[in-house]
Amino acid sequence: MTAPMTESPPAVEQEGAAPPLPWDLAESGAALPPSARPGRSLHGGPRLLRRLAEGQEDRPYELFRLRPLGPLIGAEITGVDLEEPLSARVREELHRALLEWKVLFFRDQWISHDQHLAFALNWGELEQQRVTLTGADAGVARYVKDAAHAGFENAWHVDMTGRPRPAMGFVLRLLKGPRAAGDTLFADAAAAYDNLPETVREQLDGLRAVHDLTATMGPFVPAEQVARIRERFPPVVHPVVRTHPETGRRTLFVNSVFTDRVVDMEPERGERLLQYLFRELQAPEYQVRFSWTAGAVAFWDNRAVQHYAVNDYFPAPRVTERVAIAGDLPY
Ligand SMILES: [Fe+2]
């Protein structure tokens with residue numbers, strides 16, 4: 001949409017001497033030279049790709065093979081059989097790998113529900129996943145996509161941020177899927193934060209946002225049902241930037257599916273800020289793209305990444321099963 005010409009100066013110029021912040025330029029951007037417009041070349045040149053937390057040293061893994069899928073995020077593990085209980089040492093080393101690579105992939109894991117649950121239980125209590133009005137047990141949730149059930153996960157998001165304590169992680173397995181389609185992308189939300197201009201990072205300090213499970217349900221779910229779900233799962237407030245409880249990394253914690261608005265900010269300006277942050281999260285340098293094969297498993301740290309399920313296979317069938325591990329209160 002082009003910015004309407006008005007007789008008033010852009011809001012940003014009314015705020016005194018401080019230089020305009022990138023998201024404030026969104027509406028007035030058209031008047032600027034291309035090099036100064038948001039989303040153009042603000043990030044010309046290499047981005048900072050810091051994989052490890054401050055003070056963390058890069059040590060080899062001794063109990064399995066880990067093949068990085070890029071310099072920053074995502075690694076494929078071989079030499080671990082998820083059918084078997086994990087020894088304490090393997091569990092510890094996998095945990096270190098999860099913190100260091102944010103999402104781990106395993107192939108050819110023909111596991112039962114019990115084995116799927118047992119693997120996830122190595123990381124804590126399980127979480128109920130379905131948004132139901134009656135409540136359901138925590139366990140293995142099956143997701144079937146086909147001509148009758150289209151997937152809506154093809155937007156960048158963090159799962160369950162509409163809850164006070166979003167899940168710590170997920171273990172997702174593909175049972176059946178299309179060949180060379182239906183990939184999942186994961187993005188490192190700490191890298192996205194690291195690369196924000198310092199002026200922006202300062203502005204985000206202490207900012208909070210409302211997350212609403214029903215925020216983007218509108219077009220797909222009848223209004224009455226949305227209202228009932230909203231009553232059962234009322235909106236929650238999370239920091240715009242969260243601190244990873246184990247690595248101490250600061251990560252951008254707003255997402256395009258569940259984040260409704262920024263608290264304590266005039267709605268339109270808050271929306272421009274969110275749009276800006278969503279855009280910043282999408283740099284390919286922060287991403288890994290995983291091509292699924294039947295029996296493959298992805299185990300991601302939901303406190304560290306965002307993800308996007310590419311829906312380029314509809315109406316072909318795709319069946320996955322997922323277990324959620326309970327999380328803590330973001331701060
Ligand atoms: Fe998701």
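This report covers the iron site, salt bridges, one sheet and the cavities of a predicted model.

**Iron site**

Three protein residues donate to the iron ion: His157 through NE2, Asp159 through OD, and His307 through NE2. Their distances from the iron ion run from 2.1 to 2.3 Å. Along the chain, the donors fit the spacing H-x1-D-x147-H. Two of these donors can be placed by accessibility. His157 has 4% relative accessibility, so His157 counts as buried. Asp159 has 8%, so Asp159 counts as buried as well. The cut-off behind both calls is under 20% relative accessible area.

**Salt bridges**

Side chains of opposite charge can pair when their charged atoms come close. In this model the count comes to 22 salt bridges. Three of them are set out below, each with its N to O distance.

| Nitrogen partner | Oxygen partner | N to O distance |
|---|---|---|
| Arg96 | Glu100 | 3.5 Å |
| Lys145 | Glu153 | 3.1 Å |
| Arg322 | Asp159 | 3.0 Å |

Start with Arg96 and Glu100. Both sit in helix α1, which spans residues 88-101. Four residues separate Arg96 from Glu100, about one turn of the helix. Arg96 and Glu100 are both buried.

Next comes the pair of Lys145 and Glu153. Is each partner buried or partly exposed? Lys145 has a relative accessible area of 11%, so Lys145 is buried. Glu153 has a relative accessible area of 30%, so Glu153 is partly exposed.

The third pair brings back an iron donor. Asp159 donates to the iron ion through OD, and Asp159 also forms a salt bridge with Arg322. Which parts of the chain does the pair of Arg322 and Asp159 link? The parts are distant: Arg322 lies in strand β16 (residues 318-325), while Asp159 lies in the loop between β5 (141-145) and β6 (169-176). The two residues are 163 residues apart. Arg322 shows 12% relative accessibility and therefore counts as buried. Asp159, at 8%, is buried too.

Salt bridges can also share partners. Arg50, Glu54, Asp194 and Arg249 are joined into one network in this way.

**A three-stranded sheet**

One open sheet has three strands in the order β9-β8-β12. Its pairing is antiparallel. Strands β9 (236-239) and β12 (259-262) are the edges, each pairing on one side only. From one strand to the next, the twist averages 35°. How many bridges join β8 to β9? Strand β8 (residues 208-211) is joined to β9 by four bridges, and the two strands run antiparallel. One named contact is that of Ala209, whose bridge partner in β9 is His238.

**Cavities**

Searching the whole structure gives two cavities of 30 Å³ or more. The largest cavity holds about 90 Å³ of space. It is lined by 15 residues. Which of these lie closest to the centre of the largest cavity? They are Leu99, Lys102, Thr247, Arg249 and Ala304.

Some elements recur here. Arg249 lines the largest cavity and belongs to the salt-bridge network with Arg50, Glu54 and Asp194. Asp159 is a donor of the iron ion and a partner of Arg322.

Definitions and conventions:
Residues numbered from 1 in each chain as written. Predicted model: local features only at pLDDT ≥ 70, side-chain atom pairs only at ≥ 80, totals over all residues. Heavy atoms only, no water. Donors = N, O, S within 2.8 Å, 3.2 Å for Na, K, Ca; no water. Buried < 20%, exposed > 50% of the residue type's maximum accessible area, 1.4 Å probe, protein only. Salt bridge = Lys/Arg side-chain N within 4 Å of Asp/Glu carboxyl O. Pairing = 2+ DSSP bridges. Axes fitted to C-alpha atoms, helices over the stretch in contact; angles between N-to-C directions. 1 Å grid on protein atoms, 1.4 Å probe; cavity = no way out; pocket = protein on both sides within 12 Å on 5 of 7 lines; lining within 4 Å. Points joined across faces, edges and corners; volume = space filled by probe spheres on them.
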